[in-house]
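Hi there,

Here is the structure I promised to pass on to you. Have a look at it first, and then read my notes below.

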Amino acid sequence: MIRWLLVVLACVAGGAQGQTYPSRPIKLVVGFAPGGAADFVARVLAEPIGRALGQPLVIDNRPGAGSSIAAEYVAKSAPDGYTLLIASPSSILVNPLINKQSTAQPLKELLPVSKVSSSPLVVAVNPGVGVSTLKALIAHAKKNPGKLNYATSGNGSAPHLAALLFQRLAGVEMVHVPYKGGAPAVQSVLAGDTQVSFATPPSVLPLVQTGRLRALAITSREPSSLMPGVPGMAQAGLPDYEISFWYGFFVPAGTPAVVVQRLFDETERALKLPEVARAFATQATEPSRSTSPADFAAFLSDDAKLWERVVKESGAKFD
């Protein structure tokens with residue numbers, strides 16, 4: 001009887017919270033520096049979601065450790081719906097596989113809300129390298145083993161794994177230089193401190209479009225209409241290579257289901273807006289919706305197997 005009463009009280013409390021939520025601003029935590037893909041996607045979605053909820057979504061950048069710092073911060077936050085994380089495969093699926101010293105368990109400590117975007121990565125180089133195709137980059141790297149530096153958004157990030165898998169399949173050796181986000185990583189390529197980048201489109205496309213960097217390929221097997229003129233990996237010469245990249249929203253475990261559903265509903269509405277699709281398209285990114293929080297959870301379960309295979313095939317380790 002006591003257990004039954006507790007269940008009833010929990011349901012009543014959850015329903016009451018759902019009716020009053022949100023009553024104050026919501027913190028949207030980004031695990032990378034401003035100017036990168038996660039920051040871009042978060043800022044595009046923050047305005048329409050905040051408008052629908054009646055409270056602003058305030059961006060809070062907490063870069064470092066391939067976004068694991070942000071994930072751990074959100075996991076330890078109060079499970080009340082006022083701290084939301086935008087995350088990629090890096091912090092949710094990859095870092096626990098390659099950082100054996102970490103005790104974090106994102107899939108247990110965070111609740112999935114919805115997938116929000118997807119895109120391939122872009123293989124871009126400083127024009128000073130003197131190559132204009134992926135095959136030429138591979139040939140150059142083979143002649144100069146260990147002399148090319150590649151920049152990523154951090155150890156364990158999806159761009160890091162993408163570059164490791166590229167080296168394995170192409171039979172080349174480059175030096176990894178991690179940064180605290182896609183924007184500073186790409187800036188290092190622009191400055192010539194590093195020469196190659198496996199970057200999210202929002203981080204690199206503006207520089208490619210002005211000719212300051214050169215895009216050699218995207219990491220999907222086939223080309224994308226969002227990046228005309230840039231070949232997919234099959235056309236570029238590595239048909240066995242394919243990496244895709246997504247972002248999604250998460251909240252701390254224990255957040256009431258009614259709050260999770262409210263966040264999902266308003267996120268889904270925002271992703272259907274034409275202005276959101278147009279904004280994403282400018283950076284070669286597409287809205288990618290889940291049908292429910294449970295659907296996103298199922299996607300994560302399947303995607304975890306993919307990244308586990310990539311980690312194994314690439315030989316990735318936490319530097």
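**The cavity and the sheet**

The largest cavity has a volume of about 120 Å³. Please keep in mind that this is a predicted model. Searching the whole structure turns up 1 cavity of 30 Å³ or more.

Which residues lie nearest the centre of the largest cavity? They are Ser153, Pro159, Gly182, Thr200 and Ser203, out of 19 residues that line the cavity. Several elements give two or more residues to this lining: the helices α2 (37-53) and α8 (182-191), together with the strands β6 (149-152), β8 (196-199) and β10 (244-252). Sorted by class, the lining has 11 nonpolar and 8 polar residues, and no charged ones.

Now for the sheet. Both β6 and β8 also belong to an open sheet of 5 strands, where the order is β7-β6-β8-β5-β9 and the pairing is mixed. Why do β7 (175-178) and β9 (214-218) each have one side without a neighbour in the sheet? They stand at the edges and have a single partner strand each, so one side of each is left free of a neighbour there. On average, neighbouring strands of this sheet are turned by 25 degrees against each other, direction ignored.

At the β9 edge you can follow the pairing in detail. β9 pairs with strand β5 (residues 122-125) in the antiparallel sense, over 4 bridges. To find one of the bridge partners on your screen, start at Val123 and look across to Ala217 in β9.

Enjoy exploring, and write back with any questions!

Best wishes

Definitions and conventions:
Residues numbered from 1 in each chain as written. Predicted model: local features only at pLDDT ≥ 70, side-chain atom pairs only at ≥ 80, totals over all residues. Heavy atoms only, no water. Pairing = 2+ DSSP bridges. Axes fitted to C-alpha atoms, helices over the stretch in contact; angles between N-to-C directions. 1 Å grid on protein atoms, 1.4 Å probe; cavity = no way out; pocket = protein on both sides within 12 Å on 5 of 7 lines; lining within 4 Å. Points joined across faces, edges and corners; volume = space filled by probe spheres on them. Nonpolar A, V, L, I, M, F, W, Y, C, P; charged D, E, K, R; others polar.
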